[in-house]
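User: I'd like to go through this one with you and hear the reasoning behind each label. Can I just fire questions at you?

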Amino acid sequence: MNSARRSLTARRPTRIGPIMLQIGCQTYTWEMLGERWSGGPAELIETIGAAGYSGIEITNRMIGGYAHRPAAFGRVLAEHGLELAAFACASPSGFTEPDQLDADLAMVDRALDFVAAFPGAVLSLGSATVMSAGPRDEKFAAAATFYNAAGRLGQRAGVPVALHPSSHHDTLLFTRADYDQLFDQLDPDRIGWVPDTGHILRGGHDILDTLATYRDRIRYLHLKDVDANGEWRMLGSGICETRAVIDLVAASPNFNGWLILEEESDLAAADPAKAVRQNRETMRTLVA
């Protein structure tokens, strides 16, 4: 079988029940390298396409000159057999600073204009993060105001919007109690959820219970792995019950079928292209 035929075969979606699963790659694997990464979005697309993925989730920090050129970006994706699964946006405000609400919503408006050019793609908003002193309850209230307003903008634009909690430094969304406090203030009809297996496990959750409790909010899934100490590990080499997670999420009513692999392990830091290729191969053993 020639390489082109292998690539097409590798991209075929997999059915679990009524859902067709597609495998995408998140570009944070390169973004986390900071100044050690000097490439651009075209190089990312080429690498991800060659690894056999069907789609890409790119961030507002990695989109580069394509931010205002969605048609050109779409052409590059098509050249490499990829779809835009999601566009992920973060802000210096951490979405918890009330005086930055208007600026953050203006950013959302711009992002929605971009994502609207890719039917079915989701606008993913980064984790609420503590950026200044103040009561935590006020931070939760500010984050809820932002996410709900962003969800309303998404509805008007015809673009699904979801939030992506993380376990990184100063996140407001670490423990199950944190998730409960924020989700209680969100309108699930307007703002969805992008669960991330690695971040959920690092927060000490019962991952299957958290996913089941908020299953109606799930739009797509980030798959990562960690060891028992919360250290990042390559997919399939940590404690995540990956297949059980996939089965649960695949049965969720608003899940769109995308499994996005995002790698933050030491191998990814040393050789991101090798890490994403290895993860794509691992997925073939998890979803036949």
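User: What makes the sulfur of C89 too far from the closest cysteine sulfur for a bond?

Analyst: A disulfide here is a pair of cysteine sulfur atoms within 2.5 Å. The closest cysteine sulfur to that of C89 is in C25, 18 Å away, so a bond is ruled out. C240 fares no better: its closest cysteine sulfur is also in C25, at 17 Å, and therefore too far. By this rule the count is zero disulfides. Bear in mind that this is a predicted model, where local features need pLDDT of at least 70 and side-chain atom pairs count only at pLDDT 80 or more, while totals for chains, interfaces and linings use all residues. Residues are numbered from 1 along each chain as its sequence is written, and side-chain values use heavy atoms, with hydrogens and water left out.

User: Why is C89 called buried or exposed?

Analyst: Buried means under 20% relative accessible area, exposed means over 50%, and partly exposed is in between (1.4 Å probe, protein chains only). C89 has 4%, so it's buried. C240, at 9%, is buried too.

User: How do you know which class F95 and D170 fall into?

Analyst: F95 comes out at 3%, so it counts as buried. D170 has 39%, so it's partly exposed. Each has a positive phi without being a glycine: about 60° for F95 and near 65° for D170. F95 is in the loop between β4 and α5 (101-115), and D170 is in the loop between β6 (161-163) and α7 (176-183).

User: What makes β3 a mostly covered strand?

Analyst: Strands are DSSP runs of E, at least two residues, and helices are runs of H or I, at least four, numbered from the N terminus. β3 covers residues 55-59, and five of its five residues are buried. G55, E57 and T59 point one way, I56 and I58 the other. In a regular strand the side chains alternate between the two faces of the sheet.

User: How do you know that β3 pairs with β2 and β4?

Analyst: Pairing takes at least two bridges found by DSSP. β2 (residues 19-26) has three bridges to β3, in the parallel sense, and β4 (residues 83-89) has five, also parallel. G24 stands opposite G55, and F87 is the bridge partner of I58.

User: What is the hand of the crossover from β3 to β4?

Analyst: The chain goes through helix α4 (residues 70-79), and the crossover is right-handed. That label requires a clockwise path from the first strand over the helix to the second, with the strands pointing away from the viewer.
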